[in-house]
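Reader: I should like to understand how the labels attached to this structure were assigned. Please set the computed values against the criteria in each case.

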Amino acid sequence: MKEGMEGRICEAYLFIVRYFAERGYWPSLREVADGIGLANPSGAAYIMSRLRGLKVLNVVRGGGGAASARRIEVAGLSERLRAVAAEWLTLFPKGQASS
């Protein structure tokens, strides 16, 4: 992980990536807050601003409405997924199942 990504910041980043992988769309601030155990979306907004500062998350400004509430992107997601896959291959070599 990138320097500065620890604790809740790392937890939020992983939640966002996992959420997108499972559902095919990005979570709202409320969903991020609920997903990492925060009481309200303002804490998630702060964490997302930190992720933007680390250049691992982009927020695309929309024209308003419900669609713009999900306009976030994880920077370099495909490159990161390849790196994670490579790491998993070293942790779980072919023929060894995790239990």
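Author: The exchange below takes the labels one at a time, beginning with the overall architecture.

Author: The model is predicted. Its chain comprises 5 helices and 2 strands, in the order α-α-α-β-α-β-α from the N terminus.

Reader: How much of the chain counts as buried, and how much area does the chain expose?

Author: Of the 99 residues, 28% count as buried. The exposed area is about 6,500 Å², and carbon and sulfur atoms supply 55% of this area. As for contacts with a separation of 6 or more, 47% of them join residues 24 or more positions apart.

Reader: Which residues touch the most other members of the largest nonpolar core, and which elements give two or more residues to this core?

Author: The core has 20 residues, and those touching the most other members are Ile16, Val32, Ile36, Ile47, Leu51 and Val74. Two or more residues come from each of helix 1 (7-23), helix 2 (29-35) and helix 3 (41-53). Helix 1 provides the largest share, with 7 residues.

Reader: What makes phenylalanine 15 count as buried?

Author: The cut-off for buried is under 20% relative accessible area. Phenylalanine 15 has 15% relative accessibility and therefore counts as buried. This residue is found in helix 1. Apart from neighbours within four places in sequence, phenylalanine 15 is in contact with Pro27, Glu31, Val32, Gly35 and Ile36. The C-alpha atoms of phenylalanine 15 and alanine 33 are 9.9 Å apart, with their positions 18 residues apart along the chain.

Reader: Why is the pair of phenylalanine 15 and tyrosine 19 called tilted?

Author: A pair of aromatic rings is described by the distance of the centres and the angle of the planes. The count of aromatic pairs comes to 2. For phenylalanine 15 and tyrosine 19 the centres are 5.7 Å apart and the planes make 50 degrees. Pairing requires centres within 6.5 Å, and an angle that is neither under 30 nor over 60 degrees is classed as tilted, so the label applies. The two residues are 4 apart in helix 1, and so are separated by about one helical turn. Both phenylalanine 15 and tyrosine 19 are buried.

Reader: What makes the pair of phenylalanine 20 and tryptophan 26 stacked?

Author: Their ring centres are 4.1 Å apart, with 20 degrees between the planes. Because stacked requires planes under 30 degrees apart, the pair receives that label. Tryptophan 26 has a relative accessible area of 13% and is therefore buried, whereas phenylalanine 20, with 26%, is partly exposed.

Reader: How do you know that glutamate 11 and arginine 8 form a salt bridge?

Author: The closest N and O atoms of glutamate 11 and arginine 8 are 3.4 Å apart. The criterion is a distance within 4 Å, so the contact qualifies as a salt bridge. Both residues lie in helix 1, 3 residues apart, about one turn of the helix. Glutamate 11 is partly exposed, at 35% relative accessibility, and arginine 8 is partly exposed as well, at 38%.

Reader: How many salt bridges does the whole structure hold, and what distance is found between aspartate 34 and arginine 30?

Author: The search finds 3 salt bridges. In the one between aspartate 34 and arginine 30, the closest N and O atoms are 3.1 Å apart. These residues are 4 apart in helix 2, and therefore about one helical turn separates them. Aspartate 34 counts as partly exposed at 49% relative accessibility, and arginine 30 counts as partly exposed at 37%.

Reader: Why is glutamate 22 called exposed, and why is arginine 23 called partly exposed?

Author: The label exposed requires over 50% relative accessible area, and buried requires under 20%. Glutamate 22 has 56% and is therefore exposed. Arginine 23 has 43%, which places this residue between the two limits, so it counts as partly exposed. The side chains of glutamate 22 and arginine 23 meet in a salt bridge, at 3.6 Å from N to O.

Reader: What makes arginine 23 lie over the face of tyrosine 19?

Author: Arginine 23 is 4.1 Å from the ring centre of tyrosine 19 and lies over its face. The distance criterion is within 6 Å, so this value satisfies it.

How values were computed
Residues are numbered from 1 along each chain as its sequence is written. This is a predicted model: local features need pLDDT of at least 70, side-chain atom pairs count only at pLDDT 80 or more; totals for chains, interfaces and linings use all residues. Side-chain values use heavy atoms; hydrogens and water are left out. A nonpolar core is a set of buried Ala, Val, Leu, Ile, Met, Phe, Trp, Tyr and Cys residues joined through side-chain atoms within 4.5 Å. Buried means under 20% relative accessible area, exposed over 50%, partly exposed in between (1.4 Å probe, protein chains only). Contact means heavy atoms within 4.5 Å. Accessible areas come from the Shrake-Rupley method with a 1.4 Å probe; for residues, only the protein chains shown count as cover. Rings of Phe, Tyr and Trp (its six-membered ring) pair if their centres lie within 6.5 Å; planes under 30 degrees apart count as stacked, over 60 as edge-to-face and the rest as tilted. A charge sits over a ring if NZ of Lys or CZ of Arg is within 6 Å of the ring centre and within 35 degrees of the ring normal.
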